[in-house]
Amino acid sequence: MTENPLPPCPECAGAYAYEMGALLVCPECGHEWPLAPGESGSVSEERVIKDAVGNVLADGDTVTVVKGLKVKGSQSGIKAGTKVRNIRLVEGVDGHDIDCKIEGFGPMQLKSSVVRKV
């Protein structure tokens, strides 16, 4: 059995504390206390998003689309080589982690795997 990496309860010193959102909870006495940063390995670290060639992306970067993309409701899609300025990194659905505006198409979300940092 593995050892519990969480600290014991400050009230009763119980060793069976567990995480519940941003709190730690003791099942023995019911005491709840905030999770201090670095106390658990499951605390999410800053997300690193990389482009198609492995460059790290950040908010405000300019990227280029590396392959042609189809767009619903448009006869012509986004062509390879289209520049997208001032991107914003988000937690989108289905891997769409870039929020941006593309000239001629308007606001949309892109996958980081189809862009390259300029």
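Which residues line the largest pocket? Leu69, Lys70, Val71, Ile78, His96, Met108, Gln109, Leu110, Lys111, Ser113 and Val114 do. The model described here is a predicted one.

## The pocket

The largest pocket has a volume of about 180 Å³. Its lining is mixed in character. Six of the lining residues are nonpolar, three are polar and two are charged. Strand E8 covers residues 106-111 and contributes the most to the lining, with four residues. Some names from this list return below, among them Leu110, which also belongs to the largest nonpolar core.

## The overall fold

The protein chain has nine strands and zero helices. Read along the sequence, the pattern is β-β-β-β-β-β-β-β-β. The chain holds 118 residues, and 27% of them are buried. Long-range pairs count too. Of the contacts with a separation of 6 or more, 35% join residues 24 or more positions apart.

## Two nonpolar cores

The largest nonpolar core has 16 residues. Within this core, Val84, Cys100 and Leu110 have the most contacts. Strands E4, E7 and E8 each supply at least two of the core residues. E7 gives the most, with three residues.

What does Leu110 touch, leaving aside its neighbours within four places in sequence? Its contacts are Leu69, Val84, Gly95, His96, Asp97, Ile98, Cys100, Ile102 and Val115. Two of these names, Val84 and Cys100, are also among the core residues with the most contacts. Two others, Leu69 and His96, are in the pocket lining, as is Leu110.

A second core lies apart from the largest one and has seven residues. Leu6, Leu24, Cys26 and Trp33 are among them.

## Salt bridges

How many salt bridges does the structure hold? There are two. Side chains of opposite charge can pair when their charged atoms come close. The table sets out both pairs.

| Pair | Closest N to O distance | Sequence separation |
|---|---|---|
| Asp61 and Lys117 | 3.5 Å | 56 residues |
| Arg88 and Asp99 | 2.4 Å | eleven residues |

Take Asp61 and Lys117. These two side chains form a salt bridge. The pair links distant parts of the chain. Asp61 sits in the loop between strand E3 (32-34) and strand E4 (63-65), while Lys117 is in strand E9 (residues 115-117).

Is Asp61 buried or exposed? Asp61 counts as buried because its relative accessible area is 15%, and the cut-off for buried is under 20%. Its partner Lys117 is partly exposed, at 29%.

Asp61 has other neighbours as well. Leaving aside those within four places in sequence, Asp61 is in contact with Val56, Val84, Arg85, Asn86, Ile87 and Lys117. One of these, Val84, is a core residue with many of the core's contacts: it is named with Cys100 and Leu110 as having the most.

Now take Arg88 and Asp99. Their side chains meet in a salt bridge. This pair, too, links distant parts of the chain. Arg88 lies in strand E6 (residues 88-89), and Asp99 lies in strand E7 (residues 96-102). Arg88 is partly exposed, with a relative accessible area of 44%. Asp99 is partly exposed as well, at 21%.

## Positive phi angles

Most residues other than glycine have a negative phi, and most peptide bonds are trans. Which way does phi point in Ala13, positive or negative? Phi of Ala13 is positive, near 65°, and the residue is not a glycine. Ala13 lies in the segment before E1. Ala13 counts as exposed because its relative accessibility is 56%, and the cut-off for exposed is over 50%.

Asp94 is another such residue. Its phi is positive, about 55°, although it is not a glycine. Asp94 lies in the loop between E6 and E7. At 67% relative accessibility, Asp94 counts as exposed.

## The start of the chain

Where is Pro5 found? Pro5 is in the segment before strand E1 (18-20). With a relative accessible area of 64%, Pro5 is exposed. Pro5 and Ala15 are ten residues apart in sequence. In space, their C-alpha atoms are 9.7 Å apart.

Conventions. Residues are numbered from 1 along each chain as its sequence is written. This is a predicted model: local features need pLDDT of at least 70, side-chain atom pairs count only at pLDDT 80 or more; totals for chains, interfaces and linings use all residues. Side-chain values use heavy atoms; hydrogens and water are left out. On a 1 Å grid over the protein atoms alone, a cavity is a set of points where a 1.4 Å probe fits but cannot get out, and a pocket is an open set with protein on both sides within 12 Å along at least five of seven lines; lining residues have an atom within 4 Å of a point. Grid points are joined across faces, edges and corners, and a volume is the space filled by probe spheres set on the points. Ala, Val, Leu, Ile, Met, Phe, Trp, Tyr, Cys and Pro count as nonpolar, Asp, Glu, Lys and Arg as charged, and the others, Gly among them, as polar. A salt bridge is a side-chain nitrogen of Lys or Arg within 4 Å of a carboxyl oxygen of Asp or Glu. Buried means under 20% relative accessible area, exposed over 50%, partly exposed in between (1.4 Å probe, protein chains only). A nonpolar core is a set of buried Ala, Val, Leu, Ile, Met, Phe, Trp, Tyr and Cys residues joined through side-chain atoms within 4.5 Å. Contact means heavy atoms within 4.5 Å.
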